Amino acid sequence: MLKLYDTGVYLIHGREIAWNAQEASQKAGRAVSQAEAEKGTIAYGILQAHNKSGNMDQLQMRFDSLTSHDITYVGIIQTARASGMKEFPMPYVLTNCHNSLCAVGGTINEDDHMFALSAAHKYGGIYVPTNMAVIHSFNREMMAGCGKMILGSDSHTRYGAIGALSVGEGGGELAKQLVGRTYDMARPKVVLIYLDGEPRPGVGPQDVALQICGAVYANGYVKNKVMEFAGPGVKNLPMEYRNGIDVMTTETTCWSSIWETDETTEEYLSIHGRPQDYKRLAPDDVAYYDGCVYIDLSSIEPSIALPMHPSNVITIRELLENPKDILRECEEKANRQIVGAQMDLVSKVHDGGVWVDQGLIAGCSGGTFDNICAAADILRGQSTGNGTFTMSVYPGSMPAYLQLMKNGALADIAAAGAIIRECFCGPCFGAGDTPANGELSIRHTTRNFPNREGSKPGEGQMSGVALMDARSIAATAVNHGKLTPATDLDVKYRKYPYAFDRSVYEKRVYFGFGKAEPEHPLKFGPNIKDWPEQPELTDDLLVKVCSYITDPVTTTDELIPSGEASSYRSNPERLSEFTLSRKDPGYVGRSKAVRQIERDRTEGKPLPEEVKKVYEALAKVVPVDPEHTDIGSTIFAVRPGDGSAREQAASCQRVLGASANLAKEYATKRYRSNCINWGIAPLLVKDETVFALGDWVFLPGLRRAVLEGVPSFTAYAVKPDGAVVPFPVSLGELTPDERQIIADGCLINYYRNHPVTE
């Protein structure tokens, strides 16, 4: 049973739920108010300890540590050093788990790694060499602790199960921390995730996580909120099981997550040599939550998230009862979303079952010690077969890898015919084990967004990913690719002792925090480029709609693809060539044409006839000043920004001359923050039908609206026939700093204009 409640709830003594203050008072034996009970959540206490504003409604936070991987850290360090950073003011972990193959683009991936090592020396950072650990495994093992806050430039920065309130954000927010600024936001609401019961054998953390995603994603139940896990079921989950659920909370669009801690947490931290990082975290005797998700863990079944989203969830049993109809509906929906080659799922139904081509267990969600041990129990003495089905396993860290070698789990998996890979995040974003055209891959990874497996529909390549738990993936492998829930097999699951050998890291990781070497030179490769200069916002703005996307949600992978594009993340101009390349291949050319108009204008060249006619049409209804109006591009998307924290989803638009986004709403705070930090006005519209692809939109008084917090103002769409259509736009809530960042043109300009004063 999984149930969402449509009212706030009170949690009494960490176990009993009350539906109103009166009932809470009766159960608690004292008078209870909502305002006081809101302070009783675990999240409130951690936020209060990290807040510097003195106002718990408007938070200004400093984090305990930062973390980035090799798709994001170059841009962050470049931004921070351009903004005056001299030393990392807190532990900053630089991992190398994304651009690890060093197989695309010549030397440039390894050049990035050497840049990071030199930066760790110069500024005092922690450098984790290639394939030593995926980013979140290292932070769980070495950095997360009870009551801490960790900020990462990867969206799956989630260490709540270890008691650390952790947030995945765009690189601009990390740069702010590096130059002594704060992370500012209104205090988030908190939703109780009440766990009861105990999972059945064969049901894994991904099964629980996917059911949560399916219940809360589409309705926005936890959007930009904290998910707080408590209840009697917590004690029935091993630590790695909790971690596996926790990391997937990112896919719900929540802001962060936190769990109550107990003896299991304490044991985990002690095994990792950090007993001092444990403390008991639990809700107060009375705590108020803005919603509640009740989960009876014993009712959860093996589940599958079909393409193209982790929330597209159904139990494997339900799928196998009616596979053709379900898969036909899924493929039709996917094919409406994809530009180019089409997905074929119905053909996977034959010979009495649903057949898949590949199984992967990998990364921060799948590659945990417990998941791999459970897979080994299922595969022991079995065979994955010599047909088309293949299977690979990627342990999350080398210390875990070492222990899995010692206990024989990897030997059992390899003996069954599966491949043991390195510690690498590639399968999560399309850079490892890319399936053949037309294949379907089942993966215990974090995402199955369009093209996350590496296909290129625009070039005739199409494969798909479904998410499953490691246990059911192993069960499917035993049946040579015939989709099988792990609960269908009679398996004796062993209890494997876990040990952690810290010396693996001590021998290879550079621990430089507090040991900055200011004279140490940064090592640049030829692909590492500075950010191009960006103009400040003018009083008025004229933008052309260069992409118009009507999908219900647009992911960051569609805004800037992962995979082969990752090699160019340190080169803003070159990376920008990939912007919307799989969703709207014409976008880059359209935006460049508008960017050239603005470049010509600033050089004193005459405006093209198209723009002159736009101004002539506007002049009939509103005052215009072409000499003092910047010209840029914009995109419209219904709900952009679901998924990754990568700031390049916004910065690439900015490099191409974008000045604004138009949207019905923004899928995540982190994407909206990325737009703001790159000087892109995050505009909201109620009726997108008033403009279309190729129309011009005039935004008079935009700078004033930004700086003065004008709630709504009038924009004007100029149609090809010269018709001018007024329509309202708004900016939503912005902090004072965010307003100034947009006005200054980007975060780097803001730091240059407003240096930190001691």
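Colleague: At what angle do helix 9 and helix 10 pack, and is helix 9 roughly parallel or roughly perpendicular to helix 10?
Modeller: In this predicted model, the axes of helix 9 and helix 10 (residues 263–271) lie 10 Å apart, and the packing angle is about 100°. Angles of 65 to 115 degrees count as roughly perpendicular. Helix 9 is therefore, with respect to helix 10, roughly perpendicular.

Colleague: Which residues make that contact, and how many of the residues in the contact of helix 9 with helix 10 are charged?
Modeller: Helix 9 contributes Met 239, Arg 242 and Asn 243, and helix 10 contributes Thr 264, Thr 265 and Tyr 268. By class, the contact of helix 9 with helix 10 has two nonpolar and three polar residues, and the number of charged residues is one.

Colleague: How is helix 8 oriented to helix 9, roughly parallel or roughly perpendicular?
Modeller: Helix 8 (residues 205–216) packs on helix 9 (residues 239–247) with the axes 8 Å apart and an angle of about 30°. Angles under 35 degrees count as roughly parallel. The orientation of helix 8 to helix 9 is therefore roughly parallel.

Colleague: Which residues of helix 9 meet helix 8, and how many residues of the contact are nonpolar?
Modeller: From helix 8 come Pro 205, Val 208, Ala 209 and Ile 212, and from helix 9 come Tyr 241, Gly 244 and Ile 245. In the contact of helix 8 with helix 9, one residue is polar, no residue is charged, and the nonpolar residues number six.

Colleague: What is the relation of helix 4 to helix 7, and what is the hand of the crossing?
Modeller: Helix 4 (residues 73–82) and helix 7 (residues 171–178) have their axes 9 Å apart, at an angle of about 40°. That angle makes helix 4 oblique to helix 7. The crossing of helix 4 and helix 7 is right-handed.

Colleague: Which residues of helix 7 meet helix 4?
Modeller: The residues of the contact of helix 4 with helix 7 divide into five nonpolar, two polar and no charged. On helix 4 they are Ile 76, Thr 79 and Ala 80, and on helix 7 they are Gly 171, Leu 174, Ala 175 and Leu 178.

Colleague: Which strands stand at the edges of the open sheet of six strands?
Modeller: The order of the six strands is 9-8-5-6-7-25, with mixed pairing. A strand at an edge has a single partner strand, so one side of it is left without a neighbour in the sheet. The edges are strand 9 (165–168) and strand 25 (510–511).

Colleague: How does strand 8 pair with strand 9, and what is the bridge partner of Gly 152?
Modeller: Strand 8 (residues 149–152) pairs with strand 9 in the parallel sense, over four bridges. The bridge partner of Gly 152 in strand 9 is Gly 168.

Colleague: At what angle does helix 5 run to strand 7?
Modeller: Helix 5 (residues 108–123) lies across strand 6 (92–95), strand 7 (126–128) and strand 25. Its angle to strand 7 is about 155°.

Colleague: Which strands form the closed barrel, and what does the twist average from one strand to the next?
Modeller: The closed barrel has seven strands, in the order 26-28-30-31-34-33-32, and the pairing is mixed. From one strand to the next the twist averages 35°.

Colleague: Which residue in strand 31 does Ala 663 stand opposite?
Modeller: Strand 30 (residues 658–663) and strand 31 (residues 681–685) pair over four bridges, in the parallel sense. Opposite Ala 663 in strand 31 stands Leu 684.

Colleague: Why is the pair of Tyr 568 and Phe 578 described as it is, and what is it called?
Modeller: The whole structure holds 20 aromatic pairs. A pair of aromatic rings is described by the distance of the centres and the angle of the planes. For Tyr 568 and Phe 578 the centres are 5.8 Å apart and the planes are at 20°, so the pair is stacked.

Colleague: Which peptide bond is cis, and where does Met 308 lie?
Modeller: Most peptide bonds are trans. The bond from Pro 307 to Met 308 is cis, with omega near 10°. Met 308 lies in the loop between strand 16 (303–305) and strand 17 (313–315).

Colleague: What is the phi of His 13?
Modeller: His 13 is in the loop between strand 2 (9–12) and strand 3 (16–18). Most residues other than glycine have a negative phi. His 13 is not a glycine, yet its phi is positive, at about 55°.

Terms used
Residues are numbered from 1 along each chain as its sequence is written. This is a predicted model: local features need pLDDT of at least 70, side-chain atom pairs count only at pLDDT 80 or more; totals for chains, interfaces and linings use all residues. Side-chain values use heavy atoms; hydrogens and water are left out. Axes are lines fitted to C-alpha atoms, for helices over the stretch in contact, and angles run from 0 to 180 degrees between N-to-C directions. Helices (H or I, at least four residues) and strands (E, at least two) are DSSP runs, numbered from the N terminus. Angles under 35 degrees count as roughly parallel, over 145 as roughly antiparallel, 65 to 115 as roughly perpendicular and the rest as oblique. A crossing is left-handed if the near helix is turned anticlockwise from the far one by less than a right angle, and right-handed if clockwise. Contact means heavy atoms within 4.5 Å. Ala, Val, Leu, Ile, Met, Phe, Trp, Tyr, Cys and Pro count as nonpolar, Asp, Glu, Lys and Arg as charged, and the others, Gly among them, as polar. Two strands pair if DSSP finds at least two bridges between them. Rings of Phe, Tyr and Trp (its six-membered ring) pair if their centres lie within 6.5 Å; planes under 30 degrees apart count as stacked, over 60 as edge-to-face and the rest as tilted.
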